[in-house]
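The following exercises concern one protein model. Please examine the sequence and the coordinates before working through the solutions.

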Amino acid sequence: IFGAGSHPDFSAPADKVLISQTNYPIVNGLTESQVILNNASGSAQVLGYMATITPGASVKLKASYPNYYTAGSTAESRAETAKNLGWDLKTTTSQAAAYEAATGETVVTAVNADYYNMQTAQCRGYLIMEGHLIQTHENDDWLGGDKETRAGGEPYFAVLKDGSYDIRDYGTPTDDVAEAISGPFWLLKDGKIQDGLDASYKAPRNSIGLKEDGTLVIFMAVGR
């Protein structure tokens with residue numbers, strides 16, 4: 001387990017070379033790392049940004065969506081907002097600023113999550129904030145095909161009410177969930193790379209995962 005001021009070691013995949021890793025301790029238990037990978041010939045650079053959060057870190061993870069956290073809002077007023085939250089597009093930085101204005105807390109790390117309908121701004125999968133279930137999947141089957149596989153069925157990352165983390169399949173009950181967001185598919189599950197992830201999936205990705213010791217890792221790869 002990494003303590004304050006220490007850092008995670010990044011292992012390059014078999015077809016890549018680790019060019020550099022720069023670690024930035026943010027707060028106790030949270031380290032941000034910039035990782036540069038390339039192939040042996042130097043023709044396929046990938047820049048990675050990684051946040052590592054160890055058990056007991058001095059942070060809490062919160063899900064957010066535009067117009068939920070607003071200046072002057074309270075837990076009670078947000079409970080009412082959650083009942084009829086409209087869909088909207090706002091940048092991650094503006095949402096972080098809105099959260100700080102609403103809570104007086106400081107956002108130290110923020111990332112995008114899930115795919116969304118670019119016509120309506122509705123996210124595709126689970127969204128739970130402060131225990132309020134906004135949705136489990138998008139109701140509009142705008143991509144066509146079977147609704148459960150195209151507009152729903154996404155796994156979700158959850159912050160549980162006891163403060164622990166979990167990553168769950170679609171349909172897992174949410175009674176014990178405080179915060180949740182989705183991603184479109186599993187990359188790795190129970191330590192095994194998932195079938196069907198061919199070369200077309202090797203695109204810039206943002207991902208989230210849990211290690212056996214409870215460490216949470218958020219990794220964004222920029223470049224193919």
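**Exercise 1: The protein as a whole**

Task: State how much surface the protein exposes and what share of it carbon and sulfur atoms supply.

Solution. The model is predicted. Its exposed surface comes to about 12,500 Å². Carbon and sulfur atoms supply 52% of that surface. As a further step, consider burial: 33% of the 224 residues count as buried, where buried denotes under 20% relative accessible area.

**Exercise 2: Secondary structure and contacts**

Task: Determine how many helices and strands the protein has, and what percentage of the contacts between residues at least 6 apart in sequence join residues at least 24 apart.

Solution. The count of secondary structure gives three helices and 12 strands. Turning to contacts between residues at least 6 apart in sequence, 46% join residues at least 24 apart.

**Exercise 3: The surroundings of strand E12**

Task: Establish how many residues of strand E12 (residues 216-222) are buried, and which residues stand opposite Leu216 and Ala221.

Solution. Begin with burial: five of the seven residues in E12 are buried, and the strand is mostly covered.

Next, take the pairing with strand E3 (residues 46-53), which runs antiparallel to E12 and is joined to it by seven bridges. In this pairing, Ile53 stands opposite Leu216.

Then take strand E11 (residues 205-210), which is also antiparallel to E12, with six bridges between them. Here Arg205 is the residue opposite Ala221.

Finally, inspect the connection: E11 and E12 form a hairpin with five residues between them. Within this turn, Gly214 has a positive phi of about 95°.

Technical notes. Residues are numbered from 1 along each chain as its sequence is written. This is a predicted model: local features need pLDDT of at least 70, side-chain atom pairs count only at pLDDT 80 or more; totals for chains, interfaces and linings use all residues. Side-chain values use heavy atoms; hydrogens and water are left out. Helices (H or I, at least four residues) and strands (E, at least two) are DSSP runs, numbered from the N terminus. Buried means under 20% relative accessible area, exposed over 50%, partly exposed in between (1.4 Å probe, protein chains only). Contact means heavy atoms within 4.5 Å. Accessible areas come from the Shrake-Rupley method with a 1.4 Å probe; for residues, only the protein chains shown count as cover. Two strands pair if DSSP finds at least two bridges between them.
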